[in-house]
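This briefing is meant for a reader who has not seen the structure before. Please look through the sequence and the model first, then read the points below by topic.

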Amino acid sequence: QIVLDTIDATRQRGLGVILISHDLPRVLEIADRIVVMRFGRAVTDVRPAGLSVSSIVALMLGENEKKEA
């Protein structure tokens with residue numbers, strides 16, 4: 001909870017926070033923006049509204065690219 005309070009206080013000061021986490025439900029709860037990286041490259045940069053944990057996992061695994069290929 002201390003980390004979340006610190007992130008919130010930082011946000012209220014108008015500053016940004018980069019959070020690297022595998023806790024996707026928590027990321028969806030607190031993020032204003034989500035950047036998914038794969039193999040060291042950003043593959044998407046989206047707002048979390050409307051995203052689910054499974055949709056983020058699909059982006060992480062490149063499942064959308066497999067369907068298009």
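**Helix 1 and its buried side**

Helix 1, residues 2-12, has Leu4, Ile7 and Thr10 as buried residues. Viewed along the axis of helix 1, these buried residues stay within an arc of 125°, so they line one face of the helix. An α-helix has 3.6 residues a turn, so residues three or four places apart point the same way. The model is a predicted one.

- The buried residues of helix 1 pack against helix 2.
- On the face of helix 1 turned away from the buried side are the exposed residues Ile2 and Gln12.
- Gly14, just after helix 1, has a positive phi of about 85°.

**Overall make-up**

- The protein has 4 helices and 2 strands.
- Read from the N terminus, the order of elements is α-α-β-β-α-α.
- The C-alpha trace spans about 45 × 20 × 20 Å along its principal axes.
- The protein has 69 residues, and 22% of them count as buried.
- About 5500 Å² of the protein is exposed, and carbon and sulfur atoms supply 55% of that area.
- Among contacts with a separation of 6 or more, 23% are between residues 24 or more positions apart.
- The protein carries 9 positive and 9 negative charges, and the mean positions of the two sets lie 5 Å apart.

**The largest nonpolar core**

- Which residues form the largest nonpolar core? It has 6 residues, namely Leu24, Val27, Ile34, Val36, Ile56 and Leu59.
- Helix 2, strand 1 (34-38) and helix 3 each give two or more residues to this core.
- In soluble globular proteins, nonpolar side chains tend to be buried together.
- Ile34, a member of the core, is in contact with Val27, Leu28, Thr44, Asp45, Val46, Pro48, Leu51 and Ile56, leaving aside neighbours within four places in sequence.

**Leu28 in helix 2**

- Leu28 belongs to helix 2, which covers residues 24-30.
- Is Leu28 buried or partly exposed? Its relative accessible area is 22%, so Leu28 counts as partly exposed, because buried means under 20%.
- Residues up to four places away in sequence aside, Leu28 touches Ile34, Pro48, Leu51, Ser52, Val53 and Ile56.
- Leu28 and Asp5 are 23 residues apart along the chain, and their C-alpha atoms are separated by 16 Å.

**The strands and the loop between them**

- Thr44 lies in strand 2, residues 41-46.
- With a relative accessible area of 16%, Thr44 is buried.
- The contacts of Thr44, apart from neighbours within four places in sequence, are Ile34, Val35, Val36 and Leu59.
- Phe39 sits in the loop between strand 1 and strand 2.
- Phe39 is exposed, because its relative accessible area is 81% and the cut-off for exposed is over 50%.
- Although Phe39 is not a glycine, it has a positive phi of about 55°.

**Asp32, between helix 2 and strand 1**

- Asp32 is located in the loop between helix 2 and strand 1.
- The relative accessibility of Asp32 is 46%, so Asp32 counts as partly exposed.
- Beyond neighbours within four places in sequence, Asp32 is in contact with Arg11, Arg47 and Pro48.
- From Asp32 to Gly62 there are 30 residues in sequence and 22 Å in space, C-alpha to C-alpha.

**Helix 3 and Gly62**

- Where do the buried residues of helix 3 lie around its axis? Helix 3 runs over residues 53-61, and its buried residues are Ile56, Ala58 and Leu59. They cover an arc of only 155° around the axis, so they are on the same side of helix 3.
- Two of these buried residues, Ile56 and Leu59, are also listed in the largest nonpolar core.
- Gly62 follows helix 3 and has a positive phi, near 75°.
- The loop that holds Gly62 is between helix 3 and helix 4 (63-68).
- Gly62 counts as buried because its relative accessibility is 7%.
- Gly62 and Ser21 are 41 residues apart in sequence, with 18 Å between their C-alpha atoms.

Methods: Residues numbered from 1 in each chain as written. Predicted model: local features only at pLDDT ≥ 70, side-chain atom pairs only at ≥ 80, totals over all residues. Heavy atoms only, no water. Buried < 20%, exposed > 50% of the residue type's maximum accessible area, 1.4 Å probe, protein only. Contact = heavy atoms within 4.5 Å. Arc of directions from axis to C-beta. Areas by Shrake-Rupley, 256 points an atom, 1.4 Å probe, with all protein chains shown as cover. Lys, Arg positive; Asp, Glu negative; His and termini not counted. Charge placed at Lys NZ, Arg CZ, Asp CG, Glu CD. Core = buried A, V, L, I, M, F, W, Y, C linked by side-chain atoms within 4.5 Å.
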